[in-house]
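Open your viewer and get ready to click through a few selections. Each stop tells you what to pick next and what you will find there.

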Amino acid sequence: MILKTIYRLCGILIFIGFFSISNAQPTIELTTVNNFYSFTTLSISDSTHKTTKLDGLKYTSLKIEVQKPYENPILITSKNTNGSLNNLSTYFSENADEGFDGTFSCPLQIFDTPQTELNINWGNYKGFVKIELFNAPPISIATQSKLNKAGSRCDKPEMISYNVWREFLPNPKPPREATDVEHLVVHHSAGSNTDTNYINIVRNIYLFHTQSNGWDDIGYNFLVAPNGVIFNGRDPQGVADDDNILGAHFCGKNQNTMGVCMLGDFMKVRPTKKAIFSLKYLLAWKLKKDGINAFGQTKHPQNTGNLLNNLCGHRDGCSTDCPGDSLYALLPLIKAEAARIADSCGLIIANISFLKNKRVTIFPNPSKGAITISYDNLITTPIIMIYGLAGNLVYETSYTPNKPFEIPLSSGLYYFKILDNKSILFQGILKIER
Ligand SMILES: [Zn+2]
C-alpha cells in the first residue's frame, strides 16, 4: 500500500447491521472519465444526504475517501450482477490511509464479480466524500500454468506479461525512465487474503494507479500472487529491462529501487509458502543480475543521507505499515534465502561469517578495488589489516561500516583480519581483480 496508515477506523466504525435506503435521494452526478473509471464528489451536509444510492453501474473495484475520520457508523453495500448484496464492512480492513492532503480512505476494494449498485448510509457523517469506481472487464487466462515453473532456478522466473494481464485495459503512458537498481523494496497490497482471482486484482490495481493516482503505469515492477504466480508490473516500453524501470512505490524516492508487491494483507497473516518461494527466487535473480549484496546497505539518493538496506521493506524508507508486520518480520529470512540462492547461482556475494551472533560480510569479493564491510550489529572502531600471502602487512585502515572504501592494492590474493578493539572479528581471503 502506498500511503501512511495512521487511522484505524474502517473496520471499527463500519458495522454489519440492518440497512435501509431513504426515499429522499439527492441526485448524484457521476463523472465518467472513460470506460474504466468514474467518480463522484459529494458534500454530505444534512439529513437529506443521509444515504447515497448509485445504480445502473458496472464496476469491479471502488475506493471511498472522506475528509475527516468517521465519527458515526457508515454502512456500505454493493450489489453484483447476480443481484446478491455484499456488505462491505466485511471487506474493509481495519486500516485507513491518511493521504498527503489529510483525507482518509480505505484500501482499494476489489470484487471478483462486477458490481451494479452501491448503497451508502452515512449516519451522522458530514463533510466531503469522494467515491471512485473502477471497471476492469473480466478476462480469463491460464495463470495456473505458470505456477512455479522457474526452469533453471538461476534464470529470471516465469511470469505473466503485462501484455497478457492488461488485455482490454488502456495502455500505460510513455515516457519510461530507466534506473540502476541498488534497493529491492518489498510491499504488500493490503488487499484480500481470500480472493483468488489474482489477474482481476492486478488489473484493478493497475486501474487505480493509472486512473485515480494519475501514474503512467502500475507502480510496481513485479507482483506476486498467493499461488506463487508472478506478474510483470511496469511495462518497460523498450527503454530497459522491466526490473530496471523507475516505478512509483516508494513515497517519491523511487530512484535506484525495484518494487515487488505481494498480493494480500500481511499485517497479521504470513504470505503463503508458494508466494515466499516465488519472491525469494525473484529477488535472488535480481541480486545475481546486478551484483547486489543482499546484506549490505547503500545510501539512497533521496534518503537524507541515511543508509538503506539493499533488500528492504517499504516501511524502511517511508512512513507506512507496508509490507505488514508479519511479512516484515520474515524479511531477514527471505533475505538470507535469496542471498544463498544468488550465491549458488554464481554471485559471490561476500565472505560471510557469523561471530557472536554478528554477521560480517565483505562485498564484493573478488573486488575491483572498493569493498564494503557490513555487520548485523554495528561495531565501534573497526580496523582491517591486509597481508600479502607471504604474511607481510601490506595495508591497514580504519573504515566506516556499510560504506564502500578503496583498497589501494594491486591485483592478487590477500589475507585479511577485521579487528574491533584489538579482538579479531573475522579473517579470510580477499581477491583484488583490477
Ligand atoms: Zn508498500
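**Stop one: the zinc site**

Select the zinc ion: its protein donors are His-187 (ND1), His-314 (ND1) and Cys-322 (SG), at 2.0 to 2.2 Å from the metal. Donors here are N, O and S atoms within 2.8 Å of the metal (3.2 Å for Na, K and Ca), and since water is not among the atoms, sites may look incomplete.

Before going on, please note that this is a predicted model, in which local features need pLDDT of at least 70 and side-chain atom pairs count only at pLDDT 80 or more, while totals for chains, interfaces and linings use all residues. Residues are numbered from 1 along each chain as its sequence is written, and side-chain values use heavy atoms, with hydrogens and water left out.

Along the chain, the zinc donors have the spacing H-x126-H-x7-C. Now colour His-187 in strand β12 (residues 183-188) and Cys-322 in the loop between β18 (311-313) and α5 (325-344): this pair links distant parts of the chain, 135 residues apart. Helices (H or I, at least four residues) and strands (E, at least two) are DSSP runs, numbered from the N terminus.

Are these two donors buried or exposed? His-187 counts as buried because its relative accessibility is 0%, and Cys-322 is buried at 0% as well. The cut-offs are under 20% relative accessible area for buried, over 50% for exposed, and partly exposed in between (1.4 Å probe, protein chains only).

**Stop two: the aromatic pairs**

How many aromatic pairs does the structure hold? There are eight. Rings of Phe, Tyr and Trp (its six-membered ring) pair if their centres lie within 6.5 Å; planes under 30 degrees apart count as stacked, over 60 as edge-to-face and the rest as tilted.

Select Tyr-37 and Phe-134: their ring centres are 5.2 Å apart and the planes meet at 20°, so this pair is stacked. Tyr-37 belongs to strand β3 (residues 37-44) and Phe-134 to strand β11 (residues 127-134), so the contact ties together parts 97 residues apart in sequence. Tyr-37 is buried at 5% relative accessibility, and Phe-134 is buried at 0%.

Next, pick Trp-165 and Tyr-206, an edge-to-face pair with 5.3 Å centre to centre and 75° between the planes. Trp-165 sits in helix α2 (residues 162-165) and Tyr-206 in helix α3 (residues 198-212), 41 residues apart. Both Trp-165 and Tyr-206 are buried.

**Stop three: a cluster and two charges**

Show Tyr-37, Phe-39, Phe-134 and Phe-208 together, as they form one aromatic cluster. Add Lys-130, which lies over the face of Phe-39, 5.3 Å from the ring centre. Finish at Arg-315, whose charged end sits over the ring of Tyr-328, 4.6 Å from its centre. A charge sits over a ring if NZ of Lys or CZ of Arg is within 6 Å of the ring centre and within 35 degrees of the ring normal.
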